Amino acid sequence: MTGEIRKLLDRTFSGLGYLAIGLLAATLLIILVPMVIKGLDAYLFRGTVEYRRMVFDQFGRGDRERLEAEETRMIEARQPVYNMIAAFEAELDTMSFSDRRRYRSSVSELKDHIRFLLGPAPGAPVPVLIRDQYGQTRWDQAQEAAQRILMIESWDYADPTQMGVLVHTPRVEEFRGTSIEPLFTHIENNVTAMLRPRLTFYWRFLFDNPIDSHFFGGIWPELLGTFYLALGAMLFAVPMGIIAAIYLTEYSRQGLIVSIIRTCINTLAGVPSIVFGLFGLAFFINTMHLSPAKSVLAGSLTLGLLVLPVIIRASEEAILAVPRTYKEASLSLGSSRWWTVVTVVLPAALPGILT
C-alpha cells in the first residue's frame, strides 16, 4: 500500500512539474510573441513609393528607372487631388465672406492631412526637415493617414456617465455641394495607386545610420555604442573586481578595515543607477575632463563602477566555493600563494565568475 501511495505521489508531483513548465512556456509565449511580431515590423513591412524614393535619395539604393516609372504612375493618380484643391480655392473667391471664412479653415486642415499622406504638393517649397519631404513611407501608417482625411474624429460627452465616445464623421459633409466633394471618393478608391505599397524586407535596419532623429534609417550607431559601452565597462570592472575579490578572500585578515570595505561594497551594490550617472557626469566629465561633452569612455567607466560591486561579490563567492584541498595541495608542493591563486584557484573559480 505504501508503495502505491508513493508512486501516486511521484506521478502527481511529476504532473504538477510538467504543468508548471507548460504554464511558464505559455506565459513566455504570451509575452514574447507580441514583442517579436512588433519587432519584425522594423524589417518586414509594406513600403510605399515614398519609402523607395526616400531610400534612393538618402542612401542611394534602388533602381532609378523603375522608381521614375512608378512615380509617373503615382503622379497620374495624385494629380486629380491637386486639381480639385486648386479648383476649390479658385471657387472660394466667388463665395460670400462667411462661407469663404468657414471653408478656408476646413480646406487648410484638409491640405495638411493630404500633405501628411502624400508629401509636399508639386511645385511647393522643399521642407527643411527630411520627415516633411516625403509622404507616408509605410502602408499601415498611410491607411491611418487616409482615414484621417476621410473622417473627422470627435468626442461625444452627451452621456455624463461615460468619459466620452469617439465619433467618426465623414469629412465630405463639410464640402457637400462644392467642387472638392469628389476628392474624398477619389482618395478612398485610389489611395493604393497613389502610394503603390509593396512588400519590403529592410535587412539593413541593423546597419544603416539613423536620419532625422530616427524617423528613417537604422540603429547601427546605437548597436556600436552599446557594444563599446559594455566592452569598456567590462575591461575596467572585471580585472578590478577579480583583484579585489582575491584580496578580500585570500590576503586580507578579518578586522575593522575589511568590515568597512565590505560594507561599502554592499552599499554601492544598492545605490540607484541614476546616482552613478550623476557621479559619472560630475567626476569624469566636469572634474577630470575626459571629454568636452558626453562620451563612450565616461559612460564605460560609470557603468564599470555600477557593476563593480556585483562582480566583486560574485567573484568572492566563486573563489570561496573552490575546495580548500586544492589550495593546500598546491601549497604543499612548494607553490607560492600568488601562484596558487593564479594557477589553481582562479581556473577552478572561473565558471562561477563568468556566470
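Okay, before anything else: when I say axis today, I mean a line fitted to C-alpha atoms, for helices over the stretch in contact, and the angles run from 0 to 180 degrees between N-to-C directions. With that in hand, here's the pair I'd like to open on. Helix 10 and helix 12, which is residues 337-354, have axes that come within 8 Å and cross at roughly 130 degrees. Oblique means neither under 35, nor over 145, nor 65 to 115 degrees, and therefore helix 10 and helix 12 are oblique to each other. The handedness of that crossing is right-handed. On the helix 10 side the contact uses Ser315, Ala318 and Ile319, and helix 12 answers with Val345, Ala349, Gly352 and Ile353. By class, that's five nonpolar, two polar and no charged residues.

I should say right away that this is a predicted model.

Let's stay with helix 10 for a moment. Helix 10, residues 296-320, also packs against helix 9, residues 273-287, at about 135 degrees with the axes 9 Å apart. That angle makes helix 9 oblique to helix 10. Again we have a right-handed crossing, this time of helix 9 and helix 10. Who's touching whom? From helix 9 you have Ser273, Phe276, Gly277, Phe279, Gly280, Phe284 and Ile285, and they meet Ala298, Leu301, Thr302, Leu305 and Leu306 of helix 10. Sorted by class, the contact of helix 9 with helix 10 comes out at eight nonpolar, four polar and no charged residues.

One more residue from helix 10, and that's Leu308. Buried or exposed, Leu308? With 16% relative accessibility, Leu308 counts as buried, because the cut-off for buried is under 20%. If you skip its neighbours within four places in sequence, Leu308 is in contact with Ala237, Met240 and Gly241. And for a sense of scale, Leu308 and Ser98 sit 210 residues apart in sequence and 72 Å apart in space, C-alpha to C-alpha.

Now Glu250, over in helix 7, residues 220-251. This glutamate has a relative accessible area of 15%, so Glu250 is buried. What does Glu250 touch, not counting residues up to four places away in sequence? The list is Ile319, Lys327, Arg337, Val341 and Val345. You've met two of those names already: Ile319 and Val345 are both part of the contact between helix 10 and helix 12.

Okay, other end of the sequence. Helix 2, residues 49-59, and helix 3 have axes that come within 11 Å and cross at roughly 140 degrees. So helix 2 and helix 3 are oblique to each other as well, but here the crossing is left-handed. The residues involved are Val49, Glu50, Arg52, Arg53 and Phe56 from helix 2, meeting Arg64, Leu67, Glu70, Glu71, Met74 and Arg78 from helix 3. Look at the classes in the contact of helix 2 with helix 3: four nonpolar, no polar and seven charged.

Helix 2 has plenty of buried residues to list: Val49, Glu50, Tyr51, Arg52, Met54, Val55 and Phe56. The cover over them includes strand 1 (44-47), helix 3, helix 4, helix 6 and strand 4 (198-201). Just after helix 2, Gly60 takes a positive phi of about 70 degrees.

Thr137 belongs in this picture too, in the loop between helix 4 and helix 5. Its relative accessibility is 9%, so Thr137 counts as buried. Beyond four places in sequence, Thr137 touches Arg46, Gly47, Thr48, Glu50, Tyr51 and Phe216.

On to the cores. Which residues touch the most other members of the largest nonpolar core? Out of 29 residues, those are Ile114 and Leu183. Helix 3 (64-92), helix 4 (97-118), helix 5 (139-150) and helix 6 (182-195) each put in at least two residues, and the largest share, seven residues, comes from helix 3. Leu183 touches Val81, Met84, Ile85, Leu110 and Ile114, again leaving out residues up to four places away in sequence. Apart from that core lies another, of eleven residues, including Phe45, Tyr134, Ile211 and Phe216.

Last stop is helix 1, residues 2-40, where you'll find Tyr18. At 63% relative accessibility, Tyr18 counts as exposed. From Tyr18 to Leu28, ten residues along the chain, the C-alpha atoms are separated by 15 Å.

Methods:
Residues numbered from 1 in each chain as written. Predicted model: local features only at pLDDT ≥ 70, side-chain atom pairs only at ≥ 80, totals over all residues. Heavy atoms only, no water. Core = buried A, V, L, I, M, F, W, Y, C linked by side-chain atoms within 4.5 Å. Buried < 20%, exposed > 50% of the residue type's maximum accessible area, 1.4 Å probe, protein only. Helix = DSSP H or I, 4+ residues; strand = E, 2+ residues; numbered from the N terminus. Contact = heavy atoms within 4.5 Å. Left-handed = near helix turned anticlockwise from the far one by under 90°. Nonpolar A, V, L, I, M, F, W, Y, C, P; charged D, E, K, R; others polar.
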